[in-house]
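Hi,

Here is the structure I promised to pass on to you. Have it open while you read, and I will go through what turned up.

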Number of protein chains: 2
Amino acid sequence: MSNRDKHDRMANAIRALSMDAVEAAKSGHPGMPMGMADVATVLFGKVLKFDPTDPHWPDRDRFILSAGHGSMLLYSLLYLVGYEGMTIEDIKNFRQLGSKTPGHPEYGHTVGVETTTGPLGQGLANSVGFALAERMLAAQFGSDLVDHYTYVIVGDGCLMEGISEEAIELAGNKKLSKLIVMWDDNHITIDGSTDLSVSTNQLARFEASGWDSVRVDGHDPDAILAAIEHAKTTDKPSLIACRTTIGYGAPTKSGTNAVHGSPLGAAEIAGARAFLHWDSEPFVIPSDVLDCWRLAGLRSRQAHKSWTQRLKEADLDKRAEFERRIRGELPSKMGDVVANVITKARADGGAVATRKSSEIVLEALTAALPEMVGGSADLTHSNNTKTKATSVDVMPPAYDGRYVNWGIREHGMAAAMNGIALHGGFVPYGGTFLVFSDYCRPSIRLAALMGIRVVYVFTHDSIGVGEDGPTHQPVEQLAALRAIPNLLVFRPCDTVETAEAWKLAMEHKTGPSVLALTRQNLPLLRTDSSERCRTAKGGYELAAASDEAKVSLFASGSEVSMAMAAREVLEGQGVPTRVVSVPCFELFLNQPEESRRQVVGKAPVKIAIEAAIRQGWDSIVGSDAAFVGMTGFGASGPAPEVFAHFGITVDGVVQTALSRLEH
Amino acid sequence: MSNRDKHDRMANAIRALSMDAVEAAKSGHPGMPMGMADVATVLFGKVLKFDPTDPHWPDRDRFILSAGHGSMLLYSLLYLVGYEGMTIEDIKNFRQLGSKTPGHPEYGHTVGVETTTGPLGQGLANSVGFALAERMLAAQFGSDLVDHYTYVIVGDGCLMEGISEEAIELAGNKKLSKLIVMWDDNHITIDGSTDLSVSTNQLARFEASGWDSVRVDGHDPDAILAAIEHAKTTDKPSLIACRTTIGYGAPTKSGTNAVHGSPLGAAEIAGARAFLHWDSEPFVIPSDVLDCWRLAGLRSRQAHKSWTQRLKEADLDKRAEFERRIRGELPSKMGDVVANVITKARADGGAVATRKSSEIVLEALTAALPEMVGGSADLTHSNNTKTKATSVDVMPPAYDGRYVNWGIREHGMAAAMNGIALHGGFVPYGGTFLVFSDYCRPSIRLAALMGIRVVYVFTHDSIGVGEDGPTHQPVEQLAALRAIPNLLVFRPCDTVETAEAWKLAMEHKTGPSVLALTRQNLPLLRTDSSERCRTAKGGYELAAASDEAKVSLFASGSEVSMAMAAREVLEGQGVPTRVVSVPCFELFLNQPEESRRQVVGKAPVKIAIEAAIRQGWDSIVGSDAAFVGMTGFGASGPAPEVFAHFGITVDGVVQTALSRLEH
């Protein structure tokens with residue numbers, strides 16, 4: 001069998017499995033796997049460094065299927081090269097409930113899937129984080145332990161999403177030369193020809209941002225291999241435009257949008273089998289082809305062994321630290337670090353904005369935790385995200401810095417942070433204004449879905465923004481973020497709660513966390529000397545009533561001090577009033593019902609206070625409680641005047657309480 | 001006074017007002033207005049077609065300040081050219097509560113502001129809609145009535161946001177030659193030099209998408225004018241890179257990030273006054289300078305008069321239709337059109353997906369309403385957004401189509417729809433999957449903040465998506481959209497409610513609307529013959545109980561038929577059960593409390609049912625009600641199995657009711 005015959009048969013195995021699985025599932029996307037089978041065969045068959053027997057080998061090349069709807073391409077490859085977690089039965093169960101082969105690849109669900117994709121452009125933007133993490137980890141541990149490539153397959157959809165430009169510009173600016181992107185240049189989108197909506201010269205577009213780019217026939221294995229070899233030699237990130245025919249092999253539907261996202265049907269499949277000279281029954285891979293693929297799966301064995309040897313020979317401390325970092329374990333001293341911050345904050349007293357509190361915590365944390373990588377979407381001195389330990393920027397050709405200037409690219413930042421976290425070895429945190437969480441919401445959602453540790457530092461968290469006005473004042477963002485499953489949203493009220501929130505966010509290995517922080521100063525409220533991490537309960541009584549409580553005030557963040565002041569007034573008027581701080585809804589709602597009931601208490605008047613919309617608070621305080629907060633967008637003006645304008649004041653709370661007590 | 005001196009003094013008037021206003025407000029952004037004062041002076045002084053005495057003249061050129069933080073540039077110009085709504089007192093009240101000069105320009109709040117900006121990149125993407133609307137309206141009414149340019153000022157931040165690429169590619173693909181973008185190329189962002197985060201050759205980037213681009217000295221008025229004149233001659237959209245010094249004139253801070261977003265301080269302002277030879281007291285514009293500016297404000301008088309004359313001479317019907325379209329009034333027949341759809345749907349019966357119901361309604365509406373412009377982010381045949389009347393694509397050089405292929409650019413689509421609506425003459429609607437509402441959230445928010453009529457057709461609205469899995473299954477998007485103030489979120493249960501929702505969305509002139517629609521078929525439930533638009537109440541009793549209700553079931557969209565089936569079962573077991581359909585929370589919560597109380601009723605058991613998270617439902621049914629829905633992300637599998645897996649079934653509802661009744 002000639003090399004070309006062998007290649008073709010290996011590629012056709014992908015095509016056949018993809019056709020068959022989609023047909024059996026009666027849904028799915030055969031077009032992309034059939035079109036990109038040649039590219040994938042070259043990549044997995046000859047280039048990619050990986051070991052199916054150790055899918056988590058830290059120095060493996062990363063492969064990211066940004067065009068996630070082509071999931072059968074990836075599942076086929078995982079099966080063919082011999083990942084233990086992927087059998088032919090799994091392929092047959094494509095898109096069935098509970099299978100390892102869901103409609104789109106899901107990280108943490110299927111071994112060998114590096115990131116969850118499907119929402120277009122995300123994988124490409126993740127890859128910036130993967131490739132950046134590789135360079136940074138190599139800078140810290142040396143190229144004997146960290147030296148691998150990041151390969152990405154993108155479709156036209158990935159390149160049309162705006163996030164792709166953020167990723168492209170970041171990769172260019174950070175000179176990520178070990179990032180190689182293969183574009184499935186098939187001229188087709190769901191609605192038809194790409195001409196309907198795009199006239200961009202993609203090669204020129206990438207080159208404008210400092211990429212190397214070439215175009216190849218995506219069905220010519222030699223040309224594909226040569227392009228990848230060339231890409232490895234450049235000192236720029238690389239785009240390889242692979243001109244392909246979508247649904248290659250399908251006799252009447254290939255090259256059209258009919259093949260994108262539907263089963264081919266029996267007749268078309270029969271035609272494709274004939275065209276491809278593929279005689280096997282559905283889901284049957286001839287043993288000669290499977291042997292070739294399984295051999296390809298062994299290609300990196302020696303490289304893996306050598307790497308393991310190098311790790312063994314490394315300095316013991318270095319090895320232990322490398323392994324700790326890869327496991328994502330925190331150093332044991334972290335608890336003490338946070339405790340010291342709290343002790344010092346209590347000694348210092350005074351009013352600080354929680355964005356400043358966060359900086360104080362970060363100074364200590366980043367000094368103690370070399371895995372923390374900071375950054376901001378061009379709001380460094382507003383988000384207070386830069387510390388002494390992270391003062392050195394990641395600035396090519398040097399990657400030993402720990403701070404990333406993401407530019408005004410919130411979405412790209414969030415997606416790249418996902419990539420950094422997924423790569424391993426780092427805990428990324430990044431800042432922007434809370435209102436701009438809207439810009440990165442799709443990536444936050446994916447972090448939550450994947451269950452990965454990423455920390456968002458969202459400052460300027462309410463109308464307290466003041467003069468910048470309603471475009472910059474979040475009112476619905478807290479509710480919208482609390483709506484995302486598996487995302488912890490912290491809104492701490494002072495430095496102590498901020499320190500506790502940071503600790504909990506760092507310890508929350510199975511999901512992302514938001515810290516919503518103020519621009520304006522807030523007094524220290526947790527002045528007690530307790531070492532209990534009260535934020536861990538999500539909500540707790542901060543101040544008891546002087547007698548059986550008639551009023552319970554519930555608040556988060558900047559409104560907790562308002563509640564405390566209102567309590568003073570009410571107590572002064574003989575109304576026993578308690579205050580419950582609620583820094584994290586999700587943690588509170590996870591408490592046993594009886595604990596929650598105790599915290600909520602039985603006061604006849606309950607008032608929730610938050611400079612945001614009410615949505616979500618009912619789950620904490622009940623729908624009968626009163627609410628002091630926002631019902632619409634904010635307004636431009638000095639912050640205290642804006643608060644007064646919307647009635648979110650101590651007096652507003654007091655009057656609400658008194659009027660409720662009268663009824 | 002030489003022309004250059006005159007120009008300089010006019011530009012320095014902008015600089016002085018901007019410095020002074022920011023200083024007085026003790027907050028704001030002087031750097032951009034001072035840097036771009038020369039460009040703005042050429043544009044408003046010599047080029048822009050506008051009439052301060054008739055700010056809404058339909059054929060005015062549109063000016064969009066995408067870099068909205070430079071609001072003092074715009075406010076200065078509005079004052080200087082003589083907009084009646086902008087006095088020197090307004091300038092002095094910059095950033096004060098209730099002033100006409102909020103921190104960022106707000107459409108609908110300040111006359112002369114064409115769109116609300118501040119969130120970066122949005123104005124640029126709006127401009128695609130403005131320029132597209134101009135071409136489309138010209139195609140429909142002729143260039144004697146519609147023939148104007150769209151000018152945009154963007155900053156580095158606008159160009160870094162991913163949405164900018166979507167806008168650039170769309171403008172190139174749609175060949176919007178009358179769109180002229182002026183980039184404030186000042187090499188500075190908030191965090192410092194642009195080198196920190198961007199290495200992109202912007203001219204090459206724009207050219208890659210079919211733009212003409214040139215670079216000029218942004219402080220050379222002749223060069224600026226020549227560049228604009230050149231831009232007008234090309235058949236491509238145009239980028240003019242204006243190399244400027246941020247904070248031009250400030251002796252020590254200009255050219256640095258120190259001048260971006262803070263008052264200059266008295267000493268620096270004194271230095272700038274000296275450098276600029278500007279002797280006037282703060283807020284005082286010398287009469288010679290003001291005269292020059294006021295004269296500039298009269299430049300287009302004659303053009304305006306001629307246009308008015310042409311409108312007067314136009315065919316009466318054409319004129320009436322043009323004026324109706326510009327006023328945004330719906331034709332009176334719309335009510336009948338919707339009523340006919342409902343009558344036919346009731347006659348036809350049968351189960352259809354609400355995305356198909358929407359198509360049925362759209363067929364009738366788009367045929368009757370020429371102002372409707374459709375589109376989809378490359379999901380036309382999934383969103384069912386294309387009709388016979390909108391079957392012709394907008395495809396340059398022809399702009400007489402009524403359907404826009406937005407490509408896979410949800411964010412750019414939403415922002416451009418804002419621009420189309422703001423331009424006037426059209427009601428845009430556009431589709432994508434509900435889960436991808438996350439991608440366009442910042443633009444949806446701005447539509448809500450501006451109070452403009454845009455309709456989002458969000459299909460595939462739950463786990464009913466099925467096999468595509470959790471990346472494509474919305475669970476928190478309904479809650480997150482309901483969180484946005486001034487946005488109507490409709491989730492209709494059948495064709496009748498879908499028709500009513502479309503009618504209400506079209507009639508809702510003061511804000512955007514979402515239609516959340518199913519992929520899966522749903523039975524017709526509103527089989528009565530009533531002509532009342534029951535959806536207008538937001539929630540209503542769809543089926544009464546046979547006796548005093550023991551159970552009230554509340555549901556929206558696809559779960560209403562589930563509630564109806566559960567009611568059958570419960571009634572069969574002797575449990576009087578009623579069903580309340582809740583197609584729109586916002587409209588329901590706007591009803592008088594007594595009406596709401598009646599609709600909610602007094603049944604001892606209340607259950608809300610929605611294949612999404614609970615958040616938000618408490619405001620309708622109370623926090624004591626039961627809930628059948630989602631608590632986390634979905635799963636990939638055939639839709640009925642996925643529903644069963646999460647217990648969102650008729651039986652699940654029945655069991656919940658029975659177990660509640662036992663307590």
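Across the interface of chain B and chain A there are 10 salt bridges by the rule used. One you can look up joins the side chains of Arg441(B) and Asp438(A), with 3.2 Å from N to O. Do keep in mind that this is a predicted model.

Polar contacts come up here too: between chain B and chain A, 51 residue pairs are in polar contact, counting pairs with both residues at pLDDT 80 or more. Which element of chain B gives the most residues to the side that touches chain A? That is helix H8 (residues 162–173), with 7 residues. Sorted by class, this side of chain B has 37 nonpolar, 39 polar and 23 charged residues.

What about the interface as a whole? The contact involves 99 residues of chain B and 100 residues of chain A. The size of an interface is often given as the accessible area lost when the parts come together. Here the area buried between the two chains is about 7600 Å², and carbon and sulfur atoms give 54% of it. Within chain B, the residues that lose the most area to chain A are Leu97(B), Tyr439(B) and Arg445(B), which together make up 10% of what that side buries.

Now for the symmetry. A turn of 180° with a shift of 0.0 Å along the axis lays chain B on chain A with an RMSD of 0.0 Å. The two copies are therefore related as by a two-fold rotation axis. If you want to find that axis on screen, start from Gly162(B): among the residues of chain B, its C-alpha comes closest, at 1.9 Å. The copies meet through the same surface, because 100% of the interface residues of chain B are also interface residues in chain A.

Finally, some notes from the UniProt record, which is an unreviewed entry. Under "binding site" it lists eight positions in chain A, among them His69(A), Gly118(A), His260(A) and Phe436(A). The listed positions are spread over 368 residues of sequence and also spread in space, up to 34.4 Å between C-alpha atoms. Gly118(A) sits in the loop between helix H4 (88–92) and helix H5 (122–141) of chain A.

The same kind of record, again unreviewed, places "domain: Transketolase-like pyrimidine-binding" at residues 352–524 of chain A. That span is 36% helix and 18% strand, and its end C-alpha atoms lie 8 Å apart.

Enjoy exploring!

Definitions and conventions: Residues numbered from 1 in each chain as written. Chains lettered and ligands numbered in written order. Predicted model: local features only at pLDDT ≥ 70, side-chain atom pairs only at ≥ 80, totals over all residues. Heavy atoms only, no water. Contact = heavy atoms within 4.5 Å. Buried area = accessible area lost by both parts, 1.4 Å probe. Salt bridge = Lys/Arg side-chain N within 4 Å of Asp/Glu carboxyl O. Polar contact = N/O pair within 3.5 Å; in protein donor to acceptor, adjacent residues only side chain to side chain. Helix = DSSP H or I, 4+ residues; strand = E, 2+ residues; numbered from the N terminus. Nonpolar A, V, L, I, M, F, W, Y, C, P; charged D, E, K, R; others polar. Least-squares fit on C-alpha atoms with pLDDT ≥ 70 in both. UniProt positions renumbered as here; feature names shortened; annotations may be inferred.
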